[in-house]
Amino acid sequence: MKKYHFIGIKGAGMSALAQVLFDLGHEVQGSDITSEVFTEYQLKEKGIKILPFSAENIVEGYTYIAGNAFNDDHIEIKKAYDKGYPVIRYHEFLSNFMEDYTSIAVTGSHGKTSTTGLLSHVMNGDKETTYLIGDGTGVGKNNADYFAFESCEYRRHFLAYHPDYAIITNIDFDHPDYFEDIHDVVSAFKSMAKQVKKAVIAYGGDQYIEDISLDIPIYTYGIEGDYTVEARNVEVLDEGTRFELYIKNEYIDEFLIPMFGNHLILNSLSVLAVCYLEGLDFENIKSAFLTYGGVKRRFSETKLKNYIIVDDYAHHPKEIEATLETARKKYKNRKVVAVFQPHTFSRTEKFLDEFAHSLKEADKVYIVDIFGSARESSGNLSSEDLVKLIPEAELLTETKIKDLDQHEDSVIIFMGAGDIQKYEKRFTELIS
């Protein structure tokens, strides 16, 4: 048993890693801001101590794991260095940790969390798998041979890892505060792919995947096309989506997934590719798919009176399109209402027209104020600029949240990566 102190334990990856180490029998505690964050609930459920940031937290006997959001001059990191105590960054610790497992990194511009959640659940249907998901969920299993984890491209942090397998869900331009353009993003993914040991599993419909050339196999996946791993004869049913799986043009089996939307079929194909390459029992895998309940803040549904209320992390135009597609396919006879909170001024400005285009797929759109970040608290535009580009869209404030109660019998989707949940919480309180 070792003793670990997490500096910034409420970060999504940090919270998940803390839970993994706790499950594996280590002594774990951490520190962070005092504001409530959704990642802290699972930490508290497991009895992991969360302290306010303080230099007094730094004492002898702990290994200090520091979140990537904090610089070396942070009060706790600085004291640990001054005292000569071991300090290791999150991504460096994770790189060392995965060496004891057959590791599967899930990366891509969109869909990482949903795919990691599905991969870890499905693999555990046949083989014990330790996992770390970007929604703050982490589970450590003492007998696991596998480790599935979410691997983020932001600031090229995923270059710290050398996994056995990597799933690339897509390559798209995002994080304009760091990446210069799409070519910069592609360059990062190329570098990451070259560090994978056994195979890369990549969405074959992505135009940038063709640019990646490796000495290891690349398994492409997709729906009805020239892909290594392919879904054919897709059928949308009341209970989910059914398709036939073909690998290298050979029929493997028929699968039913309790999900709706092409992006979720694609996520499933990437998971099935890993299971195929590792020789897992497909009867167990089929059963595991049927019990999958999703991950936090990815089309998380609540049924209240005659409303369907959805909480979703979508904060990029492509993610909004995918979320609205799921709502349309799952609830064919209901109107879809989007309540969207733009996340960061730089992203809103960069993708303003794309946001407007994707949100037009909803029957009614409400926009709340832009959620800034620690790096940028203001910008050159406001949410009003987005409202003007969408027919009949409205600006929504917390004081006007009651306006949503006119959409009874609709699917109301609260979307964003900031604090959009406070609007959802206020609305559910009102209608309750």
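**Parallel sheet, helix H6 and aromatic pairs**

In this predicted model, five strands form an open sheet with parallel pairing, in the order S3-S2-S1-S4-S5. At its edges stand strand S3 (49–52) and strand S5 (87–89), each of which pairs on one side only. Averaged over the sheet and with direction ignored, neighbouring strands are turned by 25° against each other. The points below take up this sheet and its helices, then helix H6, and then the aromatic rings.

**The sheet and its helices**

- Strand S1 (residues 3–7) pairs with strand S4 (residues 63–66) in the parallel sense over 4 bridges, and Ile 7 stands opposite Ala 66 in S4.
- Helix H1 (residues 12–23) lies across S1, strand S2 (27–32) and S4, and runs at about 170° to S1.
- Helix H3 (residues 75–83) also packs on the sheet, where it touches S1, S2, S3, S4 and S5, and its direction makes about 135° with that of S5.

**Helix H6**

- Helix H6 (residues 182–193) comprises 12 residues and reaches 16 Å from its first C-alpha to its last, close to the 16 Å expected at 1.5 Å a residue.
- At the N-terminal end of H6, Asp 181 acts as a cap, with a side-chain oxygen 3.1 Å from the backbone nitrogen of His 183.
- The buried residues in H6 are Ile 182, Asp 184, Val 185, Val 186, Ala 188, Phe 189, Met 192 and Ala 193, and what covers the buried residues of this helix includes strand S6 (102–107), strand S10 (165–168) and strand S11 (199–203).

**Aromatic pairs**

- The structure holds 20 aromatic pairs, among them that of Phe 173 and Phe 351, whose ring centres are 5.8 Å apart and whose planes stand at 65°, so the pair is edge-to-face.
- Because Phe 173 lies in the loop between S10 and H6, and Phe 351 in the loop between helix H10 (345–350) and helix H11 (352–359), this pair ties together parts that are 178 residues apart in sequence.
- Phe 173 is buried, with a relative accessible area of 11%, and Phe 351 counts as buried at 7% relative accessibility.
- The rings of Tyr 203 and Tyr 221 have their centres 6.0 Å apart and their planes at 45°, so this pair is tilted.
- Tyr 203 lies in strand S11 and Tyr 221 in strand S12 (residues 218–223), so the pair ties together parts that are 18 residues apart in sequence.
- At 23% relative accessibility Tyr 203 counts as partly exposed, whereas Tyr 221 is buried, with a relative accessible area of 1%.
- Ring pairs also link Phe 97, Tyr 101, Phe 147, Phe 149 and Tyr 161 into a cluster.

Key: Residues are numbered from 1 along each chain as its sequence is written. This is a predicted model: local features need pLDDT of at least 70, side-chain atom pairs count only at pLDDT 80 or more; totals for chains, interfaces and linings use all residues. Side-chain values use heavy atoms; hydrogens and water are left out. Two strands pair if DSSP finds at least two bridges between them. Helices (H or I, at least four residues) and strands (E, at least two) are DSSP runs, numbered from the N terminus. Axes are lines fitted to C-alpha atoms, for helices over the stretch in contact, and angles run from 0 to 180 degrees between N-to-C directions. Contact means heavy atoms within 4.5 Å. The expected span of a helix is 1.5 Å times one less than its number of residues. Buried means under 20% relative accessible area, exposed over 50%, partly exposed in between (1.4 Å probe, protein chains only). A polar contact is a pair of N or O atoms within 3.5 Å; within protein, one must be able to donate a hydrogen and the other to accept it, and residues adjacent in sequence count only if both atoms are side-chain atoms. Rings of Phe, Tyr and Trp (its six-membered ring) pair if their centres lie within 6.5 Å; planes under 30 degrees apart count as stacked, over 60 as edge-to-face and the rest as tilted.
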